[in-house]
Each structure stands twice: as C-alpha cells, then as structure tokens.
Amino acid sequence: MDCMFCKIAKGEIPSTKVFENNKIIAFDDIHPKALVHILVVPKKHIESVKHLQESDKDLIGELFLAAQKIAKDKGLEGYKLVFNVGREGGQLVDHLHLHLLSGDFNG
C-alpha cells in the first residue's frame with residue numbers, strides 16, 4: 001500500500017507527532033489552515049467516512065477522545081473538528097483523518 005498516512009504511522013515518513021497510542025497517531029498538518037492544525041489519524045487504514053464499518057465505531061470514538069486530549073494538553077479553549085469526505089468534500093489523502101483546528105482560520 002502506498003498510503004502516506006500509513007507510512008507516517010509506521011514511522012517511514014517523518015512527521016511532527018503530537019500524540020500517539022497503539023491505535024491513533026496525531027501530527028501537525030504540513031499545510032495548516034489555522035494557527036493550530038493537527039491531523040488525528042487511525043493507524044488502521046480506512047479510506048474515508050464512507051468506508052466505515054460497524055466494527056469501527058470504537059475506533060471513531062477513540063479519534064474524538066484523542067482530539068479532546070490534544071486540545072486539553074495544548075490549552076485550547078475552542079476548536080473545530082472536521083472530517084472531509086471524498087474529493088468533492090475536500091479530502092486530499094485517501095485515509096480517514098480528523099482535522100483539529102484552532103486559532104486564526106483561513107480555510
């Protein structure tokens with residue numbers, strides 16, 4: 001598989017990690033749309049929200065809890081959580097990821 005986010009999760013591509021456990025990795029977006037722009041990514045390859053299965057519901061909960069922990073650790077009072085789905089929805093990498101954004105928004 002030639003997925004950039006899978007390679008980041010495996011440590012094959014460097015990233016600025018802000019969180020990691022056995023199921024989730026989070027790192028700074030290389031093209032930030034806000035002062036804080038972190039991608040929260042499951043290590044399991046799932047193409048997008050459209051490809052979620054019933055068996056993924058716990059993993060999705062863990063994505064949100066990881067985002068909450070990151071926001072708390074960074075002292076963020078307010079933030080936005082966004083899933084882009086498919087090219088028409090703005091998804092650029094075919095691996096499910098949650099955007100955590102805070103600060104000056106420009107996108």
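Here is a walk through the sheet in this predicted model and the helix that lies across it.

Start with the sheet itself. It's an open one built from 5 strands, and if you read across it the order is S1-S2-S3-S5-S4, with antiparallel pairing. Strand S1 (17-20) and strand S4 (80-82) sit at the edges, so to speak: each of them pairs on one side only. Going from one strand to the next, the twist averages 20 degrees.

Now zoom in on the S1 side. S1 and strand S2 (residues 24-28) make a hairpin, with 3 residues between them. The two strands pair in the antiparallel sense over 3 bridges. If you want a landmark there, find Lys-17, which stands opposite Phe-27 in S2.

Phe-27 is also a handy place to step across to the next strand. On the S3 side, its bridge partner is Leu-39. S2 and S3 run antiparallel too, joined by 5 bridges. So how much of S2 is buried? The strand is mostly covered, with 4 of its 5 residues buried.

A word on reading any strand like this: in a regular strand, side chains alternate between the two faces of the sheet.

Finally, look at what lies over the strands. Helix H2 (residues 57-73) lies across S1, S2, strand S3 (36-42), S4 and strand S5 (98-102). Set against S3, helix H2 runs at about 150 degrees.

Methods: Residues numbered from 1 in each chain as written. Predicted model: local features only at pLDDT ≥ 70, side-chain atom pairs only at ≥ 80, totals over all residues. Heavy atoms only, no water. Pairing = 2+ DSSP bridges. Axes fitted to C-alpha atoms, helices over the stretch in contact; angles between N-to-C directions. Contact = heavy atoms within 4.5 Å. Buried < 20%, exposed > 50% of the residue type's maximum accessible area, 1.4 Å probe, protein only.
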